[in-house]
Amino acid sequence: GHQYALDDDLMIRDNKFTKQGFSGLGKILTTDALAGVFGEQNLLQGGRYRPLSQVCFAVEYELFGLNPFIGHFINVLLYGLLCVLLFHVLRKIFKNYTSSKWYFGLPFLVTALFAVHPLHTEVVANIKGRDEIMSLLGSLGALWFALKYCENRKPLNLLWGAVIFIFALLSKENAATFVAVIPLTMYFFSEAKRKDYLIVTAVLIAAFAVYAFIRYNALGFFMNSYEETELFNNPFAEASVSQKYATIVYTWLRYLGLIVFAYPLTHDYYPYQVPLLDWSDYRVILPLIIFTALAIIAVIKFRKKSLVSFAILFFAVTFSIQSNLLLNIGTFMNERFMFVSLVGFCIVVALLIRWLAGDGQSDRKPFQKAALYMLVLVIAVYSVMTFTRNFAWKNSETLVLTDVKTSVNSARCNYIAGFTLLEKARKEQD
């Protein structure tokens, strides 16, 4: 019963190319994602080229018109499909981490935690979030075929992996991190030889080159050098270089809090919901210590192929492109940026539950009931939080008037909430 909300207007309701249906596919494939709203010269820093999900929106418009029910329904189906694919990929890589109790099997634990985590609400409830779902679907598909190639050395698996990886990149560019994730996974969970690493990596780079060629021909550049000075599009416009990187590190602490507690949630982290900080602030020093410690653990346990090392590295690699450290992403942070990286967190929590249950540890007393209660409690709490958070995404009005109570220091959220209230006041008859 939900309507369009937030960026759904930019990609669907107000996008002239999307609303041309089949006739708009050519423009969608050859222009910036926001050109259908702002014109071809109004591009955000770096450009936005994610045509695959927008092609879906155009097809839906051609067949069903402006029908948000169809968009939400397809998002739910794709998310369900993603969870099934994640489970099967994890079964392949965690084949040695089974359990006498099916609910303590590592693939099930990780998938269950991923499926119910409240941070994913934005991606699924916002129809525009389909780009994230489709990108991870394609990335996991490429990983699956790379692992299949390591098993049977059939070139067809490489071909399928390359094609699916290109589709993942055309959904959203953060799929590029899987150029590193796939060889990393091969190292930890396969019997790949040096030749296999070279071949698989070369195929992934070739697929990325094809994507880069398509993107360049569509936008006229790969990554433009335009420096945005508008604060709503560049949150660091008023920050010094030192403040910029100190604040980026602080946002990592905020992300850690959200992936563990997932409260409070909001769609808006624009200036200055996240304050500009200096390196002397304890809120910057603390995450620096935490992430340095995690990096040391990952390196120490790397040679032993520890699952903890894999989980940390998976999280770091997939988060890197959206962390603001490498590229200015146009906002301080966003909950949907944790969509892929959360798999790493879920692996760590799943390992903790398995450790409590005593799986694979004959030298210590198991606490299987305590582990089961912990699992049920976490899934129940996360499920309730996800369910209740969904109500905020009914439409843009409900979302902004709900989240302005959390994003109290965001100029953008306060402005839109004020505008929304003024519009409601003009229509009010009493």
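For sorting lining residues by class, Ala, Val, Leu, Ile, Met, Phe, Trp, Tyr, Cys and Pro count as nonpolar, Asp, Glu, Lys and Arg as charged, and the others, Gly among them, as polar. Keep that handy for the exercises below, and remember that the model is predicted.

**Exercise 1.** Work out which elements line the largest cavity, and which of them gives the most.

*Solution.*
- Start with the inventory: 4 cavities of 30 Å³ or more turn up in the structure.
- Take the largest one, with about 90 Å³ of space. Its lining has 14 residues, and L90, L140, L143, F314 and V343 are the closest to the centre.
- Next, map the lining onto elements: α5 (68-93), α8 (130-152), α10 (178-189), α14 (307-320) and α15 (342-357) each give two or more residues.
- The top contributor is α5, with 4 residues.
- Finish with the classes: 13 nonpolar, 1 polar and no charged residues.

**Exercise 2.** Sort the lining of the second largest cavity into nonpolar, polar and charged residues.

*Solution.*
- The volume to look at here is about 80 Å³.
- List the lining: Y4, I12, F57, E60, Y61, G65, L66, N67, I70, G71 and I127.
- Two or more of these residues come from α4 (51-64), and likewise from α5. The biggest share is from α4, with 3 residues.
- Now apply the classes. Glu counts as charged, so E60 goes there. Gly is polar by this scheme, so G65 and G71 join N67 in the polar group.
- The final tally is 7 nonpolar, 3 polar and 1 charged.

Methods: Residues numbered from 1 in each chain as written. Predicted model: local features only at pLDDT ≥ 70, side-chain atom pairs only at ≥ 80, totals over all residues. Heavy atoms only, no water. 1 Å grid on protein atoms, 1.4 Å probe; cavity = no way out; pocket = protein on both sides within 12 Å on 5 of 7 lines; lining within 4 Å. Points joined across faces, edges and corners; volume = space filled by probe spheres on them.
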